[in-house]
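Subject: Structure for you to look at

Dear colleague,

I am passing on the structure shown here, with notes on what turned up in it. Please keep it open while you read.

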Amino acid sequence: MENNDIIVKEVSIEEAVKVNRNVIEFDGKDTTKEDFEKRYVGKDNLIIVAYYKNIPIGYIIGYDRDNDGSFYCWMAGVDNNYRRLGALTTLMNYQMNWAKNKGYNKLKIRTRNNRREMLSFLVKNGFNFVSVEQRDDITENRINLEHSLI
Ligand SMILES: CC(C)(COP(=O)(O)OP(=O)(O)OC[C@H]1O[C@@H](n2cnc3c(N)ncnc32)[C@H](O)[C@@H]1OP(=O)(O)O)[C@@H](O)C(=O)NCCC(=O)NCCS
């Protein structure tokens with residue numbers, strides 16, 4: 001559910017890098033802005049952060065990866081001290097509205113078997129499974145999903 005105490009803003013990559021340090025699963029202490037920029041610079045992109053009572057608690061980075069009318073949600077993470085407050089929900093709604101308004105026809109996302117919170121979110125919020133990429137460790141299998149924006 002969306003939370004009225006959470007505000008989403010379009011921000012610089014530096015702001016998202018700061019939040020990334022507090023997403024324990026990403027182990028992002030040493031991740032630099034250049035590491036992120038490699039992916040999306042030169043492509044249409046969206047970098048957003050969710051603020052709870054003015055504290056930055058979550059982020060999404062998306063970009064036009066495939067040049068096929070879809071928008072790709074690349075990174076999504078919420079500070080583990082501020083989960084289940086609706087940050088991801090608010091960020092994802094913002095991203096979907098933004099992409100739809102720009103004429104994109106679907107949102108794509110890639111996650112893993114071991115990202116159970118994300119999988120729960122995606123199933124609950126109407127994403128469809130497209131394919132699975134096998135890894136030696138089944139928990140690391142990559143799972144591709146998408147959500148229509150039309
Ligand atoms: C996945 C993640 C971004 C969710 O962020 P969040 O702000 O806590 O999510 P929300 O509060 O918006 O939750 C929305 C819904 O997702 C599902 N969900 C989220 N966390 C869940 C959990 N621990 N168990 C079950 N369902 C969960 C629920 O359906 C929830 O709705 P509800 O709270 O009304 O039941 C966060 O857990 C995270 O950063 N995880 C580690 C990084 C990661 O896996 N990123 C995704 C990589 S693809």
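First, a definition: a strand is a DSSP run of E with at least two residues, and a helix is a run of H or I with at least four, both numbered from the N terminus. The model is a predicted one.

The hairpins

In the hairpin formed by β3 and β4, six residues lie between the strands, and Asn 67 has a positive phi near 55°. The strands themselves, β3 and β4 (residues 70-78), are antiparallel and share six bridges. Ile 61 faces Met 75 of β4 across this pairing, and Tyr 63 has Tyr 72 in β4 as its bridge partner.

Strand β3 (residues 55-63) is also joined to β2 (residues 45-52), again antiparallel, by eight bridges. Here the hairpin has two residues between its strands, and Lys 53 in the turn shows a positive phi of about 50°. Two of the opposed positions are Ile 48 with Ile 60 in β3 and Ile 47 with Ile 61 in β3. Ile 61 therefore has a place in both pairings, since a strand is paired with another once DSSP finds at least two bridges between them, and Ile 61 stands opposite Ile 47 on one side and Met 75 on the other.

On β2, the antiparallel pairing with β1 runs over five bridges, and Lys 9 is set opposite Val 49 of β2.

The sheet and what packs on it

How are the strands ordered in the sheet? The sheet is open and has seven strands, in the order β1-β2-β3-β4-β5-β7-β6, with mixed pairing. The edges are held by β1 (6-10) and β6 (128-133); each has a single partner strand, so one side of each lacks a neighbour in the sheet. From one strand to the next, the twist averages 25°.

Two helices that pack on the sheet are worth noting. Helix α2 touches β2, β3 and β4, and its direction makes about 30° with that of β3. Helix α3 touches β1, β2, β3, β4 and β5 (106-112), and its direction makes about 150° with that of β2.

The α1-α2 contact

Helices α1 (residues 13-20) and α2 (residues 33-40) pack with their axes 10 Å apart, at an angle of about 120°. That angle makes α1 oblique to α2. The crossing of α1 past α2 is right-handed. From α1, the contact takes in Ile 13, Glu 14 and Val 17; from α2, Lys 33, Phe 36 and Glu 37. By class, this contact has three nonpolar and three charged residues, and no polar ones.

The ligand

Which residues are closest to the ligand? They are Arg 83, Ala 87, Leu 88, Ser 120 and Phe 121, out of 21 that surround the ligand. The elements giving two or more residues to this shell are β4, α3 (87-101) and α4 (116-124). Among them, α4 gives the most, with five residues. Sorted by class, the shell around the ligand contains nine nonpolar residues, six polar and six charged.

Regards

Conventions. Residues numbered from 1 in each chain as written. Predicted model: local features only at pLDDT ≥ 70, side-chain atom pairs only at ≥ 80, totals over all residues. Near = placed C-beta within 6 Å. Nonpolar A, V, L, I, M, F, W, Y, C, P; charged D, E, K, R; others polar. Axes fitted to C-alpha atoms, helices over the stretch in contact; angles between N-to-C directions. Parallel < 35°, antiparallel > 145°, perpendicular 65-115°, else oblique. Left-handed = near helix turned anticlockwise from the far one by under 90°. Contact = placed C-beta atoms within 7 Å.
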